[in-house]
Amino acid sequence: MPEAKPAAKKAPAGKDAAAKPAPKEAPPQEAPAAPSTEAPPEDQSPTAEEPTGVFLKKPDSVSVENGKDTVIVAKLNGKELPAKPAVKWFKGKWLELGSKSGARFSFKESHDAASNVYTVELHITKVVLGDRGDYRIEVKAKDFCDSCAFNIDVESPRQDSAGQSLESFKRSSEAKSDTAGELDFSGLLKKRQVVEEEKKKKKDDDDLGIPPEIWELLKGAKKSEYERIAFQYGITDLRGMLKRLKKAKVEVKKSAAFTKKLDPAYQVDKGNKIKLVVEISNPDLPLKWFKNGQEIKPSSKYVFENVGKKRILTINKCTLADDAAYEVVVKDEKCFTELFVKEPPVLIVTPLEDQQVFVGDRVEMAVEVSEEGAQVMWLKDGVELTREDSFKARYRLKKDGKRHILIYTEVAMEDKGHYKVMTNGDQCEAELIVEEKQLEVLQDIADLTVKASEQAVFKCEVSDEKVTGKWYKNGVEVRPSKRITISHTGRIHKLVIDDVRPEDEGDYTFVPDGYALSLSAKLNFLEIKVEYVPKQEPPKIHLDCSGQTSENSVVVVAGNKLRLDVSITGEPRPVATWMKEDEVFTGTEGRVRIEQRGDISSFVIESAERGDEGRYTIKVTNPAGEDVASILLKVVDVPDPPEAVRVTSVGEDWAVLVWEPPKYDGGRPVTGYLLERKKKGSQRWMKLNFEVFTETTYESTNMIEGILYEMRVFAVNAIGVSQPSMNTKPFMPIAPTSEPQHLTVEDVTDTTATLKWRPPEKIGAGGIDGYLIEYCVEGSDEWIPANTEPVERCGFTVKNLPTGAKITFRVVGVNIAGRSQPATLAQPVTIREIVEQPKIRLPRHLRQTYVRKVGEHLNLVIPFQGKPRPQVVWTKGGAPIDTAHVHVRTSDFDTVFFVRQAARSDSGEYELTVQIENMKDTATVRIRVVEKAGPPENVMVKEVWGTNALVEWQPPRDDGNSEITGYLVQKADKKTMEWFTVYERNRHTSCTVSDLIMGNEYYFRVYSENICGLSDLPGVSKNTARIVKTGMTLKLPEYKEHDFRTPPKFLTPLFDRVVVAGYAAALNCAVRGHPKPKVVWMKNKMEIREDPKFLMTNHQGVLTLNIRRPSPFDSGTYSCRAVNELGEALAECKLEVRVPQ
């Protein structure tokens, strides 16, 4: 508020006046000046306003001295808020004050429940000049949002002028007396000088309050260091600092590569996209983008664009990982910027809830936030809970999408307290109450009185099923044994003592674990004396076998424990003997053992095996007699694995699997089989059936052609599943190819037929090894193979066929999987020579005179057609050719005319005749053999005038059988006889040689030139040209340089074109201009850059754009722009790319 500033300024003066004897203590008392701005009641302030809305008291604008502390207070009306508010403090418009702002900023919140008023405070310690500026407080509660702005002004420390004078105007002596020493005027002058320097320094500070030395530090620092320097020196207005740095008058070297560089910094919200734009001077220069020193490659995340001279980097879906320093490199020049990714505030959707639990319970405290993967801070009583500490403590932090969970597996008393969850934009709090669980006794232990050999049972019941405990007898812990059994079922704990003896008498106690509680009872032994009268009774075996047959039989599953308890009676107690055939069992320990318990004899087998199967006999004897009984033991098991597992046939995606049933069915019938399959080299088996398969042949489908597989089989009976069988040999699903296509007859003779076809439409992973050709004579069903080995070519000539027969042909493809379906001719072919009129196919280059040099070879290949094989005759001038010099080779379809070394005599017209019976065709071939011409004749100097000489000559006698294309004229000074060329390719037989030197005498020589080059010898002038010195006056004509500059102009424009897709196309035009214009090709007004599909050439103004294998996508409007300093020209055309039907 405005009234706060005068209060802050007057406070130091008052304090100094009151503390004049001790001026050094005055500055610390100035600290309360800032808080005093909040002291006046609102109704006394001349600018006070009635509280409206959520703010009962708005934060005041204050003025604080540099280095002092200040507190900003605001009060919020809780009645206007739908929930607990979330308060944020901002500097400027966007810089949020939080944990990253430094330790100088702290925040405090309190709530008065009676008045429902929230008080929020912002504490700033040791205020610096960089804290000067506008601030804002923002309040959010669910859908409600409000804010209020205020200002903080920071002033340099001031001292009272009177105080300064008195402080400086002191004695120079160290004595305490005021009359001792002299006045120190130099000290006063120094003090004034310091004050003037401080004023000048403050004047140099800018609007941000940043001293000049920090500006110099920022100007010389890298952009990546700006944030660190700002936090180190207390600069909070980062955006203002960057703007000031951008406007600073720093000498910038003009960039040769960049016409427009990147901005110093960019900011983008998380999840949005941003474009970094730089403009370069030459669009042909290579450019690279870097992020934190690493080169960026094009992807869906990073998109590169070229628009004229602009180079654009688009970053899609920005994350916090994109918050980095970026760099553009063009040749040796670099351009830097920094990208700040602002993370949106994370709100709490489902807050924590208070919980009340007991010790040992599992506790889950969950909170749901608005963003998945957001950072969340857990605090317990103000202390942060971290994942590093969770390994030592009992809690665990878990993330599940937007839910964040704090888990205690077994909560303890020390885990109770207040838990808070904080995000960068919200927070919530809940209380965890932990209480001790009380154990309640539902049934106590009762005293027992038990007779000898009876059973004693102590039983108690408690309220908690999870509670364990220990039993004690006379203070000694009771351990389980053969007679003593300890059990815990639900809430009931039992101690059972069998065959009670006198020594079992005593006090028994049950003590629950973890509770100060004990339950006790007493066991009394009752001894009964009975007078014994010996009695004899023959032994008797009492069997109870659960078998459906008449004989005693027992069935046990292999691996299980078998216990045969046989009840025996008789007096005196009979002796039992167990036998299996002749083997007698006497051992009381081991896998097979005998146990005796009173009237029961037990035969025990641990982990029954197949070998244990058989008939067992028990024999009991006593003095009164004996008894015998037998028991048949059957051991059942899972079956053995199936045998002879093999793959009998395969197809494109299927295979047939066959196996034999297992030799041993485990004592139970095999109910079916389970099958599995895997790729060779893999460890992952895939089940092929979930219901048992009863057959021993299975067709496996849905396999990938060309992949090696393995299969195995399990046998199943009523007991379980057997071990897997041996894996099949690796096999590969492969199918034969489809039938060959387009089978046709290319040629037929009296004994042969030439067939041709195209490869099959579907070949598959097995490839194709070749083709087999078969034929069938009309009237027969037998197909005769024409070749034993497959042929790889898509053509074949079947020989030795009967003349006049009608034959049907077919072709099959062969690969590793076998033969394909045949491709058969629709109609039979009659084997008979077809008469075809002769026709010479004269090549294009032989339709005009064929020129060769002397010594080169002549090799003419001329194809022809005609059936049967025609007669070929070569003649020259109506006479047969010399076969000793000319070699002729003739085949069924062409003739070759060959001369190893051509001579002038080989020139002339040659006639080729191809004749079949009375039909013939002729062609004429003109051959000219040339060599170098002879020297010109009669070279003479006809006239000399001034520095000029007229030289004339006559053509050479021998022109080399070729037209003379020109003459080479040279001159030589008679003194040096060094020859210099005067004219090249002079068409006439005379020339005027100028610029001869006066006083010199010259010879001249002339070479003749034809298609073979210059003549070997020149014609030399018989006379000389003598240049006589005469008086001459050189008068230079006035010369005005001609301006050859012209703007670009297209001499030949671009024409609309229609091309066929897949065939190369070229767009041509011609342009003229000086200086040489710069040419740019465009498609649909977009410049064509380094695209390998396009090749641009410029040959002396003839411009060509070659398009490699165009597609319909390449259709459009193409334009060529030529630009120089005088103007520009544009030519356009439309290109249509059609797909052949």
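The largest nonpolar core holds 26 residues, of which Trp-89, Leu-122, Ile-137 and Ile-152 touch the most other members. Six strands give two or more residues each to this core: E2 (62-65), E3 (70-77), E4 (86-91), E7 (117-124), E8 (133-141) and E9 (144-155). The contacts of Trp-89, beyond residues up to four places away in sequence, include Ile-72, Leu-95, Leu-97 and Phe-107. Val-120, Leu-122, Ile-137 and Phe-150 are also among the residues it touches. Charged residues appear in the list as well, namely Glu-96, Glu-121 and Arg-136.

The model is predicted. Its mean pLDDT is 83, and 87% of the residues in the protein chain reach 70 or more. Over residues 159-191 the pLDDT is below 50, and this stretch has 26 contacts in the model beyond near neighbours in sequence. Residues 201-207 also have pLDDT below 50, with 11 such contacts. Where pLDDT is low, the predicted coordinates should not be read in detail.

The protein chain has 1141 residues, and 37% of them are buried. Seven helices and 87 strands are assigned. Of the contacts between residues at least 6 apart in sequence, 62% join residues at least 24 apart. The accessible surface is about 68700 Å². Carbon and sulfur atoms account for 50% of that area.

One open sheet contains five strands in the order E29-E36-E35-E31-E32, with mixed pairing. Strands E29 (448-451) and E32 (476-477) form its edges, each pairing on one side only. E29 runs parallel to E36 (residues 519-526), and four bridges link the two. Within this pair, Leu-448 lies opposite Leu-523 of E36.

Strand E35 (residues 506-512) is largely enclosed by the rest of the structure, because five of its seven residues are buried. E35 pairs with E31 (residues 469-473) in the antiparallel sense, over five bridges. Here Lys-470 has Val-511 of E35 as its bridge partner. E35 is also antiparallel to E36, again with five bridges. Asp-507 is partnered by Lys-522 of E36. The hairpin of E35 and E36 has six residues between the strands. In this hairpin, Gly-514 adopts a positive phi near 85 degrees.

The whole structure contains zero disulfides. The cysteine sulfur closest to that of Cys-1069 belongs to Cys-1120, at 4.2 Å, and this is too far for a bond. Cys-1133 is likewise in no disulfide; its nearest cysteine sulfur, that of Cys-1069, is 8.5 Å away. Cys-1069 is buried, with a relative accessible area of 3%. Cys-1133 is buried too, at 2%.

Thr-989 sits in the loop between strand E73 (979-986) and strand E74 (990-993). Its relative accessibility is 32%, so Thr-989 counts as partly exposed. Glu-952 is 37 residues away along the chain, yet the C-alpha atoms of Thr-989 and Glu-952 are separated by 5.9 Å. Thr-989 also touches Glu-952, along with Val-951, Trp-953, Pro-955 and Tyr-967, when residues up to four places away in sequence are not counted.

Methods
Residues are numbered from 1 along each chain as its sequence is written. This is a predicted model: local features need pLDDT of at least 70, side-chain atom pairs count only at pLDDT 80 or more; totals for chains, interfaces and linings use all residues. Side-chain values use heavy atoms; hydrogens and water are left out. Buried means under 20% relative accessible area, exposed over 50%, partly exposed in between (1.4 Å probe, protein chains only). Contact means heavy atoms within 4.5 Å. Accessible areas come from the Shrake-Rupley method with a 1.4 Å probe; for residues, only the protein chains shown count as cover. Two strands pair if DSSP finds at least two bridges between them. A nonpolar core is a set of buried Ala, Val, Leu, Ile, Met, Phe, Trp, Tyr and Cys residues joined through side-chain atoms within 4.5 Å. A disulfide is a pair of cysteine sulfur atoms within 2.5 Å. pLDDT is the predictor's confidence in each residue, from 0 to 100.
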